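Visitor: I am new to this structure and would like to know how its descriptions are arrived at. Could you show me around?

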Amino acid sequence: MATPVLDKVEAESAASPYITVTFRIRRFNPEISAEAVWEDFQLEIDPKERVLDGLHKIKWDVDGTLTFRRSCAHGICGSDAMRINGKNRLACKTLIKDINPEKPITVEPIKGLTVLKDLVVDMEPFFQAYRDVMPFLITKDTNEPTRERFQTAEDRERFDDTTKCILCAACTSSCPVFWNDGQYFGPAAIVNAHRFIFDSRDEAGEQRLEILNDKDGVWRCRTTFNCTDACPRGIEVTKAIQEVKRALITRRF
């Protein structure tokens, strides 16, 4: 019996890992128009590659005007948060094969922050809220420490989860309260306040609690869990916010 032999075209097709994917990107250039438009790009891409790889292919090979942020490309810097198929994600951590590539992959900027161009938003309001909660260790002793500030493993574990924040804004820009009122501190700022409020070495917990007791502070949270779902680092954001609320009521932290 003769061994079946694939012709050259069939063999190459069977061996190719690439599929055709449509990227549907929300474009905005204030120098051209005040309105954003959707633009489609078709790519041949390995489904095991990431959305960020697809954006690179478009920018490098198709349209060099496409604008987006990225830096480390490994889920640490938090630069490339965007809405992919309607959900906040990091483009560098989202595989093509995991987001239904048979249909167009929609990519748009995160919500609640002013769009500067294409997928780039103005992050200054986000970082101002972060700065406002004093995200650094504060002690009453102003002298230079002569030894390490010791902490038990149990004390460290108390705030371990909130040390993982990479300031990508995925949580804050998924919050309906933040969408409707940019004055709200937002989940990321509260998470970073939590990290120091519950640090046994810090002595400014009361100050941070008073900052978050403001009308635009922690009480604006409606516990929708959008922030927890959006966090690419798996932080239990809603739980952290509730712990800050409890600390405000009990003054125990």
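**Cavities and a helix**

Guide: Gladly! The second largest cavity has a volume of about 90 Å³, in what is a predicted model.

Visitor: What makes this space a cavity?

Guide: A 1.4 Å probe fits in a cavity but cannot get out, so the word applies to an enclosed set of points. Among the 14 residues that line the second largest cavity, C175, C221, R222, T223 and T224 are the closest to its centre. Two or more lining residues come from each of α5 (176-180), α8 and α9.

Visitor: What classes of residue make up that lining?

Guide: Nine are nonpolar, four polar and one charged.

Visitor: How many cavities of 30 Å³ or more does a search of the whole structure find?

Guide: The search finds two. In the largest cavity there is about 100 Å³ of space. Its lining has 15 residues, with C165, I166, C168, C171 and C231 closest to the centre. By class, 14 of the lining residues are nonpolar, none is polar and one is charged.

Visitor: How do you know that the reach of α9 is close to what is expected?

Guide: Helix α9 spans residues 237-250, which makes 14 residues. The expected span is 1.5 Å times one less than the number of residues. That gives 20 Å for α9, and the helix reaches 20 Å from its first C-alpha to its last.

Visitor: Why are some residues of α9 called buried?

Guide: Buried means under 20% relative accessible area, and V237, I241 and L248 are among the α9 residues that are buried. Their cover includes α6 (187-197), α7 (205-212) and α8 (226-230).

Conventions:
Residues numbered from 1 in each chain as written. Predicted model: local features only at pLDDT ≥ 70, side-chain atom pairs only at ≥ 80, totals over all residues. Heavy atoms only, no water. Helix = DSSP H or I, 4+ residues; strand = E, 2+ residues; numbered from the N terminus. Buried < 20%, exposed > 50% of the residue type's maximum accessible area, 1.4 Å probe, protein only. Contact = heavy atoms within 4.5 Å. 1 Å grid on protein atoms, 1.4 Å probe; cavity = no way out; pocket = protein on both sides within 12 Å on 5 of 7 lines; lining within 4 Å. Points joined across faces, edges and corners; volume = space filled by probe spheres on them. Nonpolar A, V, L, I, M, F, W, Y, C, P; charged D, E, K, R; others polar.
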